[in-house]
Each structure stands twice: as C-alpha cells, then as structure tokens.
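Hello,

Here is the structure you asked for. Please open it first, then read the notes underneath.

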Amino acid sequence: MITGDVNDPVLVAQPRALRTIERLLEEGRAHALLLSGSPGSGPVAAAQRVAQRVLCPNGGDDDCDVCGRISRRVHPDLMWIAPEGSDLAKPQIDLVVETTTRMPFEGVAQVVVLEGADSLSFDNRSAGNTLLKSLEEPEGRVVFVLLATSPARVLPTVRSRCVEVVFPAVPDALLVEALRADGVDEGVVAAATGMDLNGIARAARGDLSRAREIAAGDTAAQRRGDLLVGMHQVASGAMAPSQLANRIMSRAGAASDAAAARAALEFDEMELVMSDKETKTFNGKTNDEGREKRTARRARKARVAELQACLAELSSWWRDVLALSVGADEAVTNLDRLDQTRAAAAGPAGTRAVGALDAIDDSAARLLFNNADEGVTVGALVAELAALAAGRIRARRTLGAGARTPQGYEVSLG
Ligand SMILES: [Zn+2]
C-alpha cells in the first residue's frame with residue numbers, strides 16, 4: 001500500500017492525493033501520473049513511493065534493499081530525471097524513450113520520474129512531443145510520473161494523456177502537527193530559530209519539506225536567516241550590497257560542490273550494482289557523456305536552485321514589507337522579522353516594494369532561462385534593491401488596479 005506505514009510527514013499531510021494514487025495503481029490506471037504542486041508539499045515523496053510500490057517485491061514495504069536503493073535513486077529500473085538547467089532537454093527525453101523500449105533490468109517494470117515537467121511547454125515542444133510517443137505506446141510495463149509546479153504550462157497533448165493528482169499547499173495547522181509528530185522539540189527550535197512552530201509553518205509557505213528543514217536548523221534555516229538579515233541590513237544601509245551579493249554567490253558555490261560530491265557517490269554505487277555493459281547502456285548508447293559531464297550538469301542545477309531559493313527569501317522579505325505598507329498584516333510570512341519589516345514599510349521601501357518584487361522576478365527568470373552571468377545578475381539586483389529601499393530610485397511599477405497583492409496574485413485592487 002502506498003498509504004500504509006508511511007512515516008514521511010509530507011505524505012501524512014496529503015492523505016487524499018495518496019488515496020487517489022493508490023486507487024489508480026490498483027485499477028491499473030497509473031500508466032502516466034501528473035503530480036502537481038510545490039515539490040516539497042508531497043509530489044517528490046509521492047513519486048518515490050510510487051516507484052517503491054511498483055518495483056519492490058513486497059509491494060513497497062520501504063524496508064528492503066530495493067526500496068532503499070529507490071530512495072537513494074540508484075535502482076536501474078528507476079529513471080529519475082530532472083531538468084539540467086531550465087528545461088527538460090530533448091536528449092534527456094530521447095534517453096527516456098530509448099530506455100523504456102528495453103526490458104527492465106531487475107524486475108517486471110520500469111518507473112520514469114520527470115521533475116520539472118512544466119518545462120515540457122510550448123517553448124520546449126520537441127522534447128514534449130518526443131515524450132508523447134512513449135506515453136501513447138507503452139512498451140512493456142512502464143509507469144511515468146511527471147512532477148509539475150505549474151501544470152497549466154505542460155503541453156496540452158502531454159497533460160491530456162496523464163491522470164493529474166493535485167497536492168495542495170499544506171495548511172499551517174497540518175505543518176505544525178507534522179513537525180510535532182516528527183518529535184521536534186519546540187524549546188530547542190525556538191532557541192535556534194527564534195520562532196515557535198506556528199512561525200515556522202508560516203515561513204514554510206505550505207511546503208512541509210521546507211518547514212522541516214527550517215525546524216531542523218539546517219540549510220533552509222541558515223539560508224533564510226542569512227538572506228533575511230542580509231536584506232534588512234542592506235535596506236537599512238548597514239551592509240554593502242556587494243557583501244550580500246557575495247554571500248548569495250558563495251551559498252550557490254557550496255550547493256554546487258555538495259551536489260557534485262553526492263553525484264560521485266551515486267555513480268559509484270550504480271556501477272557496483274550493474275555490469276560495465278549495463279552501466280554503459282544505462283548512461284546512454286555511447287557513454288561519451290561520461291560521469292564528469294553528468295556531474296557538472298548536476299552541480300550547475302544545484303547552483304541555479306540555490307540562487308532561486310535565495311531570491312525567494314529576498315522576495316519574502318519584500319512581500320512582507322508590501323503587506324505591512326498596505327495594512328495587510330495577516331499576510332506577513334516572516335513573523336520573527338516583524339519589527340524590521342515594519343520599520344522598512346514605514347520608509348521609502350514601503351512604496352517601492354512592488355518594484356522590488358518585479359526586479360527579483362526579472363532576475364530569477366534571467367538566471368533560469370537566459371544563461372545570464374550569475375554574479376553580474378545577482379550583484380545588479382542587490383544594488384537595485386538597496387537603491388529602492390533607500391528611496392534613491394523609483395519603483396518601475398506602483399501598486400494600483402491589477403497590481404500584485406502581498407500573496408503574489410494578479411488581482412484588481414479596485
Ligand atoms: Zn521494498
């Protein structure tokens with residue numbers, strides 16, 4: 001059972017989506033699943049459970065060697081593909097098509113997980129159309145699991161061949177419950193993060209993995225602290241913009257190094273379980289894209305992801321400033337920084353928050369899609385944010401009809 005003995009709180013918080021997936025698996029209708037929602041709100045964990053359910057000889061006990069290798073993504077009948085850069089690339093999809101026409105290595109089935117399936121959009125049609133062939137004519141038993149944050153962007157032809165399962169943002173109360181079930185010590189967490197569990201839930205914005213990371217005081221919490229404090233200091237003139245930009249770039253560098261090290265370990269393990277010939281086949285026909293190249297792509301992906309995560313923190317600081325400046329106090333996400341954002345909202349930053357949010361969005365898009373020079377883009381962005389906060393430049397847009405609300409939705413404020 002996909003729902004039985006699940007101890008991952010991300011999944012505990014999504015019983016409805018899991019029941020739907022289980023039913024589809026039982027009825028043999030899970031050939032192509034589209035799991036939509038923020039990755040940390042359940043889709044990634046659910047995709048792993050689907051793979052275990054399909055490939056494990058015990059139906060997904062989460063306890064055997066097969067399940068263990070699936071959770072480490074080193075099972076040869078599991079293809080777990082994520083965009084290398086901004087989009088799922090045509091060669092990646094070609095490899096999927098080729099692999100799924102062959103027999104499974106170990107078991108009776110293959111599972112293909114595609115992260116970032118929303119990049120199979122109109123702008124990336126050839127990759128999407130290639131995948132279509134596999135979705136239409138399954139050779140053997142193949143289960144496709146597509147993950148998308150914005151399912152509306154997936155090519156309609158691809159989307160219509162999938163059964164969509166929605167993972168909604170996890171409500172704050174459930175996040176708190178899940179953290180308690182994790183055995184999180186509220187006193188320790190409060191001392192380390194300066195927040196109670198409700199504050200952590202709010203800061204996690206419906207994403208349980210993020211809530212757990214913040215509570216655990218690891219990467220996400222450090223990043224959040226680093227960036228929110230840095231943004232406040234830059235906005236109040238206590239820190240040079242270049243210093244915050246350097247902080248962001250060095251975080252990205254560290255993420256990249258860690259990903260390269262992880263990739264090396266995984267490749268070692270994969271080679272241990274497969275013969276030379278199999279390794280070559282699995283890696284691609286010619287294997288000329290060897291480990292180094294693949295490792296470099298994984299490292300780049302981690303770097304871009306860290307940059308995006310840093311920019312998301314800067315956004316959350318400015319969203320709070322915007323919320324406070326329009327009196328929408330209940331929309332504030334970083335409750336532990338309220339004094340700082342309130343002070344900023346009372347100054348020039350308050351009337352320039354929309355412009356700052358636009359500038360951050362622009363930079364995030366440029367980093368994702370245009371292969372922009374990362375250091376230059378981040379440096380220019382932080383300098384612009386500093387100038388906006390100090391009132392030295394005007395916002396490019398002002399709050400009015402059709403403008404951004406503190407929640408980030410495009411609505412008319414009348
Ligand atoms: Zn198992």
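Of the contacts in the chain between residues at least 6 apart in sequence, 72% join residues at least 24 apart. Keep in mind that this is a predicted model. The chain has 414 residues, and 43% of them are buried. Its secondary structure comes to 18 helices and 5 strands.

I looked at one helix and one loop residue.

The helix is helix 12, which covers residues 219-235 and so has 17 residues by its DSSP run. From its first C-alpha to its last, helix 12 reaches 24 Å, close to the 24 Å expected at 1.5 Å a residue. Its buried residues are Ala220, Ala221, Arg223, Arg224, Leu227, Leu228, Gly230, Met231, Val234 and Ala235. Two arginines, Arg223 and Arg224, are on that list. Just after helix 12 comes Gly237, with a positive phi of about 80 degrees.

The loop residue is Pro151, found between strand 4 (142-148) and helix 7 (156-159). Is Pro151 buried or exposed? Neither: Pro151 counts as partly exposed, because it has 18 C-beta neighbours inside 10 Å, and a buried residue needs 20 or more.

What does Pro151 touch, not counting residues up to four places away in sequence? The answer is Leu34, Ser36, Asp118, Arg159 and Glu164. As for Ser121, it is 30 residues from Pro151 in sequence, and the two lie 9.6 Å apart in space, C-alpha to C-alpha.

Regards

Notes
Residues are numbered from 1 along each chain as its sequence is written. This is a predicted model: local features need pLDDT of at least 70, side-chain atom pairs count only at pLDDT 80 or more; totals for chains, interfaces and linings use all residues. Helices (H or I, at least four residues) and strands (E, at least two) are DSSP runs, numbered from the N terminus. A residue is buried if 20 or more other C-beta atoms lie within 10 Å of its own, exposed if 12 or fewer, and partly exposed in between; C-beta atoms are placed from the backbone. Two residues are in contact if their C-beta atoms, placed from the backbone, lie within 7 Å. The expected span of a helix is 1.5 Å times one less than its number of residues.
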